[in-house]
Amino acid sequence: MAAAAAAYKKYETRSRNPDPKTSLLLVIDVQNYFSSMVNPILPQLLTTIDLCRRSSIPVLFTRHNHKSPPDYGMLGEWWDNDLVLDGTVEAELMPEIRRLAGQNEVVEKNTYSAFENTGLQERLVEMGVKEVIVTGVMTNLCCETTAREAFVKGFRVFFSTDATATLDLELHEATLKNLAYGFAYLVDCDRLQDGLLGK
């Protein structure tokens with residue numbers, strides 16, 4: 001994904017830095033089930049978390065899981081019931097992330113959006129959050145859906161190009177192009193470093 005991170009500027013339609021006073025970092029579904037996608041971006045993801053914490057930006061981690069067939073929804077049909085099941089090793093946050101996530105910082109979800117039936121919107125409003133920075137996996141599914149829904153709900157969205165990942169570069173870049181066109185400001189570790197902490 002390094003190539004995608006370096007090339008994202010071709011998709012930018014505007015640029016801006018997050019405001020640390022009103023931002024929150026979302027780390028989407030960094031779980032053992034997705035470790036093969038996460039491992040290549042793990043250094044950038046950990047750097048992004050560190051930059052945000054050093055800037056006093058709160059962090060929330062989502063954990064996608066299903067408890068029983070009634071909560072499978074359309075995902076069951078689409079993925080032939082090959083889902084992330086609660087109580088399995090695959091459903092747990094990856095060790096590198098689990099040790100960073102406080103118990104009250106984990107949002108449980110069972111669909112692509114981190115907002116659907118999770119209370120996330122109310123929580124962000126209560127915290128005074130006006131901007132969200134989206135990282136994690138998968139770029140084109142849970143990350144993109146959450147980013148789009150955040151925008152529609154009135155949050156300013158920043159989408160990481162180097163701390164998100166999916167199955168292939170084409171899907172990753174398609175999301176970056178779409179989000180930059182109408183939903184999100186694109187950022188990477190370098191831009192966050194400069195924008196939050198200065199050069």
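Here is a short chat about a predicted model of a single chain.

Biologist: How many helices and strands are there in the chain?

Modeller: Keep in mind that this is a predicted model. Counting the secondary structure elements of the chain gives nine helices and six strands.

Biologist: What radius of gyration does the chain have, and what would a compact globule have?

Modeller: The C-alpha trace spans about 50 × 35 × 30 Å along its principal axes. For 199 residues, a compact globule would come out near 16 Å, and the chain agrees with that, since its own radius of gyration is 16 Å.

Biologist: What share of the contacts with a separation of 6 or more comes from residues 24 or more positions apart?

Modeller: Some background on the chain helps here: 49% of its 199 residues count as buried. As for the contacts with a separation of 6 or more, residues 24 or more positions apart account for 81%.

Biologist: How much of the area that the chain exposes do carbon and sulfur atoms supply?

Modeller: The chain exposes about 9,500 Å². Of that area, the part supplied by carbon and sulfur atoms is 50%.

Biologist: How far apart are the mean positions of the positive and negative charges?

Modeller: The chain has 20 positive and 27 negative charges. Take the mean position of each set, and the two points are apart by 8 Å.

Biologist: Is Arg191 buried or exposed?

Modeller: Arg191 is found in helix H9, residues 189–197. Leaving aside neighbours within four places in sequence, its contacts are Tyr8, Lys9, Glu12, Ser15, Asn17 and Leu186. Its relative accessible area is 18%, and the cut-off is under 20%, so Arg191 counts as buried.

Biologist: Which side chain makes a polar contact with the side chain of Arg191?

Modeller: The Arg191 side chain reaches a backbone oxygen, that of Leu186, at 3.1 Å. The side-chain partner you're after sits at 2.3 Å, and that one is Glu12.

Biologist: Where does Met94 lie, and what is its relative accessibility?

Modeller: Met94 lies in the loop between helix H4 (73–78) and helix H5 (95–98). Leaving aside neighbours within four places in sequence, it is in contact with Val30, Gln31, Asn32, Ser35, Val38 and Asn39. It counts as buried, because its relative accessibility is 3%.

Biologist: How far is the C-alpha atom of Met94 from that of Thr47?

Modeller: Met94 and Thr47 are 47 residues apart along the chain. In space, their C-alpha atoms are separated by 16 Å.

Biologist: Which peptide bond is cis, with omega near -10°?

Modeller: Most peptide bonds are trans. For this one, look where strand E4 (131–137) gives way to the loop before helix H7 (139–152), the loop that holds Met138. The cis bond runs from Val137 to Met138.

Biologist: What is the phi of Asp29, and is the residue buried or exposed?

Modeller: Most residues other than glycine have a negative phi. Asp29, in the loop between strand E1 (23–28) and helix H2 (35–38), isn't a glycine but has a positive phi of about 55°. With a relative accessible area of 0%, Asp29 is buried.

Biologist: What relative accessible area does Asn81 have?

Modeller: Asn81 is found in the loop between H4 and H5. Its phi is positive too, near 60°, and it's a residue other than glycine. Asn81 counts as partly exposed, because its relative accessible area is 49%.

Key. Residues are numbered from 1 along each chain as its sequence is written. This is a predicted model: local features need pLDDT of at least 70, side-chain atom pairs count only at pLDDT 80 or more; totals for chains, interfaces and linings use all residues. Side-chain values use heavy atoms; hydrogens and water are left out. Helices (H or I, at least four residues) and strands (E, at least two) are DSSP runs, numbered from the N terminus. The radius of gyration is taken over C-alpha atoms; the globule rule is 2.2 Å times the number of residues to the power 0.38. Buried means under 20% relative accessible area, exposed over 50%, partly exposed in between (1.4 Å probe, protein chains only). Contact means heavy atoms within 4.5 Å. Accessible areas come from the Shrake-Rupley method with a 1.4 Å probe; for residues, only the protein chains shown count as cover. Lys and Arg count as positive and Asp and Glu as negative; His and the chain ends are not counted. The place of a charge is taken as NZ of Lys, CZ of Arg, CG of Asp or CD of Glu. A polar contact is a pair of N or O atoms within 3.5 Å; within protein, one must be able to donate a hydrogen and the other to accept it, and residues adjacent in sequence count only if both atoms are side-chain atoms.
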